[in-house]
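Please open the model in your viewer and keep the selection tool at hand, as this tour goes from one selection to the next.

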Amino acid sequence: MPPKNKINKKGLNIMFRLDGKVALITGAAGGIGEKIARTLHAQGAIVALTDMRAEPMEKLAQELGSNAHVFVANLTNSDDVNNLVKEVEAKLEKIDILVNNAGLTRDNLFMRMSDEEWQLVLDVNLTAGFKLARAAIRGMMKRRFGRIIGMASVVGVMGNAGQANYSASKAGMIGMNKCLAQEVASRGITVNSIAPGFIRTPMTDVLTEEQKTALLTRVPMGALGESQDIANVVAFLASDEANYITGQTININGGMIMI
Ligand SMILES: NC(=O)c1ccc[n+]([C@@H]2O[C@H](COP(=O)([O-])OP(=O)(O)OC[C@H]3O[C@@H](n4cnc5c(N)ncnc54)[C@H](O)[C@@H]3O)[C@@H](O)[C@H]2O)c1
């Protein structure tokens, strides 16, 4: 078993500082989003938490204390999406880091997949990220600094039976981020994607031991990843140390695919 990762106090805390930076994190009430919020906050960022589920975010913001703010928004609601960046900028003056992390699945075999299942997944996982990035880069361009990080998936890279909508949304995010990266590279804005493999979250907690064992035969490291493994890379990509990295997809999957 590989060791469990924690924030390395001598490493992460000295490097990848984000003091005074404002980070908007979507899906902040979820397993990975919460860990991203905690990690960026620990590195000195002012975190703007957004999700459609208010309660877990309020709890998290209370625990974090200062420099954590809650913005409830449903990413299927176009008014919510269109107003979110404005609201965050009105309250916190700017957005330096946008983490497009919110996501959901509606799995079905291709032939049985309904228009609604297709559309919902594309709307939340891809279109909302497009609109938020489009709104956030205005201010980033003026300040000549920005970090946009999109949560893709190993499934967006390799496909998976029963997940055509999810895979299309995640592959779409990777492609979209590469285009945006090229358009804003000269303005001090980097745009990257992260493609997690199987990460231990409430989503994977529901798997049976049998399912987990079968799944882990595909992972050379023989273990599920932790949300912290993802959050560490978000902190790095958001930092000044990752200045020269743009248009990339960072695969975090215990060796499940090697590309
Ligand atoms: N857990 C994994 O193994 C794994 C693997 C690869 C990629 N990912 C991706 O990582 C991201 C985070 O996943 P997670 O494991 O933390 O899942 P999660 O379900 O714990 O968190 C997702 C969050 O998105 C929010 N959300 C969903 N629909 C929304 C909407 N319409 N409006 C606003 N918020 C909405 C949910 O409320 C939830 O808090 C997702 O994009 C997911 O696709 C996860």
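Begin by selecting Asn-74 together with the ligand: a polar side-chain atom of Asn-74 lies 2.9 Å from a nitrogen atom of the ligand, a polar contact being a pair of N or O atoms within 3.5 Å. Next add Leu-75, where a polar backbone atom is 2.8 Å from a nitrogen atom of the ligand, and then Lys-170, which has an N or O atom of its side chain 2.8 Å from an oxygen atom of the ligand. Taken alone the ligand exposes 820 Å², of which the protein buries 92%, with accessible areas computed by the Shrake-Rupley method with a 1.4 Å probe.

The model you are viewing is predicted, so that local features need pLDDT of at least 70 and side-chain atom pairs count only at pLDDT 80 or more, while totals for chains, interfaces and linings use all residues. Residues are numbered from 1 along each chain as its sequence is written, and side-chain values use heavy atoms, with hydrogens and water left out.

Now select the shell around the ligand, meaning residues with a heavy atom within 4 Å of it. This shell has 28 residues, and the closest are Ile-32, Asp-51, Leu-75, Asn-101 and Tyr-166. By class, the shell holds 15 nonpolar, ten polar and three charged residues, where Asp, Glu, Lys and Arg count as charged, Ala, Val, Leu, Ile, Met, Phe, Trp, Tyr, Cys and Pro as nonpolar, and the others, Gly among them, as polar.

Turn next to the largest pocket, where the ligand sits, which is to say that more than half of its atoms lie within 2 Å of the pocket's grid points. On a 1 Å grid over the protein atoms alone, a pocket is an open set with protein on both sides within 12 Å along at least five of seven lines, a cavity is a set of points where a 1.4 Å probe fits but cannot get out, and lining residues have an atom within 4 Å of a point. The volume of the largest pocket is about 1200 Å³, and among its 48 lining residues the closest to its centre are Gly-103, Leu-104, Thr-105, Tyr-166 and Met-203.

Finally, which residues line the largest cavity? Select Thr-26, Leu-75, Asn-100, Asn-101, Ala-102, Val-124, Asn-125, Ala-128, Gly-129 and Met-173, around a volume of about 40 Å³.

How values were computed
Polar contact = N/O pair within 3.5 Å; in protein donor to acceptor, adjacent residues only side chain to side chain. Points joined across faces, edges and corners; volume = space filled by probe spheres on them.
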